[in-house]
Amino acid sequence: MESAALVAPVTALEFAGDVLLAGTGPEVVAFQLSGGGPAAAAGRRSVLCEATVQGLRAESGGGAAVRVVVFGSRCLAVLTVRRVGPGGGARLAACGGGAARELGARVWEARWAAGGRLALALGGGTVGLYEWRSGGSWLQRTSCSGAGALRCAVLAGTGWTRLALAAGTAMGVVVVWRAAEAGAPRRRLRGHRGAVLALCYAAPRGLLVSASEDRSVRLWAVGELGGGDGDGDKESSCLLVCYGHGSRVAAVALRGPLPVSVGEDGACLEWDGCGGVGRARRGHRGALRALALRPAGGCLATGGDDGGVRLWRPQQAPPVAAALGAPGRPRAVLLAGPRRVLLLDEAGGLAAYEGATGRWVPVLPLAAGGSRGMLAAIPLPGADEALCALGCGDGRLLLFALGRSSDATALRLFEGGVRGLSWAPRPGQPCDATALMVSGPDGEMLWLDVVHRPGQAPRVRLMGRYLLPPCRQRWHTCATFLPQGGLLVCGDRRGSLLLFPCSSSLGRAVESTSIANGGIEPVQEGSDSKWEPSCLLHRRHLPLEAPLSVLFGLHGKTGVTSVTCHGGYIYSTGRDGVYRQLHLQAQQLEVLRKHRPCKGLQWIEELRFTMDGDLLVLGFHADNFVVWSSRTGENLHCVPCGGGHRSWSYWSNSSAEAFAFIKCGDVMLYHCEAKPREQQVLLASLHGREITCVRRLGTVEVPGHSPVNVFVTGSEDTTACILVLSEPSRTAVPLIRLSDHISSVRALALVSPAGPGDEGFSNKGLSALLFSAGGRAQIECYRLLCAGDPASKSAVTCHVVHLASHRLDEHWERKKNRHKLVKMDPETRYMSLSVVPGTGTKQLPTSWKFLAAACSDGSVRVFGLLEAARKLLLVAESFHHQRCVLKVEAFLYTGAGGERRYLLCSAATDGSIAFWDITGPIEDAADALHQAEGEMQPLALGIPLLTVMAHSCGVNSLHIQERPEGQYLVASGSDDGSIHICLLEVTLGEGSAESHLRILERVARPCAHAAHVTGIRLLRHNLLLSASVDQRLTLWHWALGKLEALSTTFFHVPDLAELDCWEVAEASGELRYYCVLCGQGLEMLHSVPLPTPQSEAPQ
């Protein structure tokens, strides 16, 4: 097997001129930084074979070629980084024979010495000069005594007489030796209360910075490293003690005299001169492991367990909001430009703040807006002007251009106050016209078309009347017209989403133009008689439209904040901290997914889709207004404003961004000029913690591209990810993240449509049902559709529809007489999932699909899914195993007469494998669900037909392969490293429908691996593939009662959790097997075309 693609934690970073090098697994990836544009991947090379890159050290000095030493574990290699062409990328080439050299001990540090040699620090305190050319040889070597167990090291000096070693120990002490006098340490720097994990030394300043697992960073003044005599407490002083990380500190560097550190809390912190956090950078999805500073330009690079690499460009400190000195007691603020603020005071007066002059200018006289006024504005095209709407507490509406407030249109709309006021973009309308939605006190919403021409007062047409559903807070908060035409979507203060027809109102509005036009007299203080009452009197000519579709309380009781359309979908946001993706199905709103973009964002106000494909989320995190980037996972802006309950306004364009809010009785303005993003993602993040499960969705054919493999992964970070693994670039590109789980995702199952008649079938790409399950006894179900898109970076687009979910605690709350039962364990986890094949066909009364789950509370449970009704129900269960069930696998037996039996195999922690016939429970459940319309009490699964003690401890992998004549091959792997294979025969009793199972042959291979066997797959031609935590992938051949190893391959994913396999037919007719492995990373491997074995196992 050969590696085809790899995603591994980033463990080392180094700048080599204008190239950034990253170590991920055994590979080194190069990114070109020059050229004035964004950095881009320039090359990739596997260097250390079976070791993980732990360090990269570039030789000082410029030039077209830079040598870099790569080390990890006991291996070492030297690369040359060459520029290709004047503005080309970088090329990685091996030096010194190309192969990595294995030394006798772990390499902790390497440094370039005089003459192009290497100074090395090895395990046990060994320091030496190494000649890496001509096969490699030691020139000088010595052992530094009194060190103890080392955890990190740093070297200083270029010659043997000046060479010094500083090492961090497991006891929390930094020990310093001079290589020429290595008998005893020269200094001991004490202060850390945990193992020292990272060191960095700046020779020109004589500063040493250390990082520890006690979460602290310490800065030491040491002068020349290795100089002086006596104890380090007298000659070295601790200048700074920095606490701020939430977990262990993994890497440190020095920027000038101050330290920079990264930790397992995912934060990159720059420290100030007092030991406090000067700047915090976040964006990675997991722990950080590597840090590098670029001397020229001040760029900073970080990498971590999520497999991502990010480049941080230097930025100035963010601006601070300034008080504008409001002329009255502010009630509402609104931004009409980057430095133009509108203020509506409690007395009803309207004033504008002009940033150019720094003064407030009156716009409308006092009491013009009433005591409970509302303000809305929209920019006018082609001019630095805004069209304003002012709703009053007595039902009046005032429309005017900001620069000509004297030419205003005044209307009386309601007998009560205006409760809701918002502009609604409408596709296809003229550039001088816009739609305004106004809500009154009785749930009536009016659609007004407002036309503005320069030098004239705005003209108004009443286009439609709509009735909102009854509720306590009965007014709209936002609205938008759908691109399909004839439909209007709006959100209300109750949190509901409403769909209204608007095409039928257009004809009536034309006939009512003369009736609905308002007056255009100038507005003067106290001139109530000037208000045109025709809109109030004649709006009855238009009927009240009822909603076509209502999603009541979709965003909770706190209200919908925005509705927008993008890419053929509808997006709604609310104060519940989530946004939802919807689409239109037969003039009904249907929720596809709900997204919680980031942890702690309690209030989402708006979504903005950028031209470069990023999604910006505007909302509130505690008492801060934030603009959060979905692409980089960081806050682009964070403004302390006291929360969103006060009036505020955000404005942005390509040149500037502004945020205005009310605080302490004054108007505050935050203004920021547009600038390039501080953060650039060089390698996309995958998962922040261990990947626990993986499934291959399939291959998508894209014109102009090689076939693209699409996978689904689940992780301990509570997310599932749909991604593309690219063989040419050997990288992963995430498509969509699913974040509905509240605990870890431990199991996945896929169901693909059998053909055009099956539910969910699509000829536009890959279509499948996805089940994900894990902690807190939670199962989620989705419908996936992946199709080719040559214009996108990944060449694939993916659409997800959330169908159903199930949690045992919610199921428990619905039980009758539950006080008489033993309550379910809230910590129950689903360990494995398997879809029962053949249950979606017409042989059952309804199109229910059934899913088997292995549970940590000792039960085997069966669930039923009705996709059309979006129901996922528990239909049967059994606690036969009485201990944690680790694996479950369902299979189908079809008799000679076409009769079907649904069989299930389950494996537990005691090494037993049980075989069940679940045909009866499934058929009974299908009948009960059909009669009870989707509600039932769980049935009993009964007892197993057969139990096999296959292993001495837990079964961590299980796979079943169907063979001819009702036979099945069952393979399993265990915690004890053994593999067990049995040949199972299924028959039906004469005159009855009972199933009979018989073991024909059993083969066991003890100690097949040196650690847990966590992945196993049966292939064609009696081939078996097994993978273990020992990072060995072994191909076996089963024949004549024996299991023979054909080949063993080392893979680069530690803590292997699972594997998945598939086969690809070559043009020559031979088969090539592919597999994907997950754990602390993700790797795809493929085999060379294998010849068909001559011997087959006996049947």
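This is a short walk through the structure, stop by stop, with something to select at each one.

**The whole chain**

Begin with everything on screen, and keep in mind that this is a predicted model. Colour by secondary structure and you will be looking at six helices and 87 strands. The protein has 1099 residues, and 57% of them count as buried. If you draw a contact map, take the contacts between residues at least 6 apart in sequence: 51% of these join residues at least 24 apart.

**An aromatic cluster**

Next, select W603, F620, F625, W648, Y650, F659 and F661, which ring pairs link into a cluster. The protein has 18 aromatic pairs by the distance rule used here. Zoom in on W603 and F620: their ring centres are 5.1 Å apart and the planes meet at 50°, so this pair is classed as tilted. W603 belongs to strand β52 (residues 603-609) and F620 to strand β53 (residues 615-621), with 17 residues separating the two in sequence. Now step from F620 to F625, where the geometry is edge-to-face, with 5.6 Å from centre to centre and 65° between the planes. Are these rings buried or exposed? W603 and F620 are both buried, and F625 is buried as well.

**A four-stranded sheet**

Move on to residues 691-700, which make up β60, and 731-738, which make up β63. Together with two further strands they form an open sheet, ordered β60-β61-β62-β63, with antiparallel pairing. Why does one side of β60 and of β63 lack a neighbour in the sheet? Both strands stand at the edges and have a single partner strand each, so one side of each is left free of a neighbour there. Look along the sheet for its twist: on average, neighbouring strands are turned by 25° against each other, ignoring direction.

For a closer view, add β62 (residues 720-726), which is joined to β63 by seven bridges in an antiparallel run. A handy landmark here is L725, whose bridge partner in β63 is A732.

**Two nonpolar cores**

Now show side chains for F771, I779, Y830, L833 and F863. These are the residues that touch the most other members of the largest nonpolar core, which has 34 residues. Centre on I779 and display its surroundings: leaving aside residues up to four places away in sequence, I779 touches F771, S772, A773, A804, S805, H806, Y830, L851, F863 and L872. Apart from this core lies another, of 26 residues, including V836, F850, V862 and A890.

**The strands around β79**

Select residues 979-988, strand β79, where eight of the ten residues are buried. Which strands pair with β79? On one hand there is β78 (residues 967-974), antiparallel to β79 and joined to it by seven bridges; to find the register, pick A971 and its bridge partner I981 in β79. The two strands form a hairpin with four residues between them, and G977 in the turn has a positive phi of about 80°. On the other hand there is β80 (residues 995-1005), which pairs with β79 in the antiparallel sense over ten bridges. Here L984 makes a good marker, with I999 as its bridge partner in β80.

**Two charges over rings**

For the last stop, go to R106 and W108: R106 lies over the face of W108, 4.1 Å from the ring centre. Then jump to R426, whose charged end sits over the ring of F481, 5.9 Å from its centre.

Methods:
Residues are numbered from 1 along each chain as its sequence is written. This is a predicted model: local features need pLDDT of at least 70, side-chain atom pairs count only at pLDDT 80 or more; totals for chains, interfaces and linings use all residues. Side-chain values use heavy atoms; hydrogens and water are left out. A nonpolar core is a set of buried Ala, Val, Leu, Ile, Met, Phe, Trp, Tyr and Cys residues joined through side-chain atoms within 4.5 Å. Buried means under 20% relative accessible area, exposed over 50%, partly exposed in between (1.4 Å probe, protein chains only). Contact means heavy atoms within 4.5 Å. Two strands pair if DSSP finds at least two bridges between them. Axes are lines fitted to C-alpha atoms, for helices over the stretch in contact, and angles run from 0 to 180 degrees between N-to-C directions. Rings of Phe, Tyr and Trp (its six-membered ring) pair if their centres lie within 6.5 Å; planes under 30 degrees apart count as stacked, over 60 as edge-to-face and the rest as tilted. A charge sits over a ring if NZ of Lys or CZ of Arg is within 6 Å of the ring centre and within 35 degrees of the ring normal.
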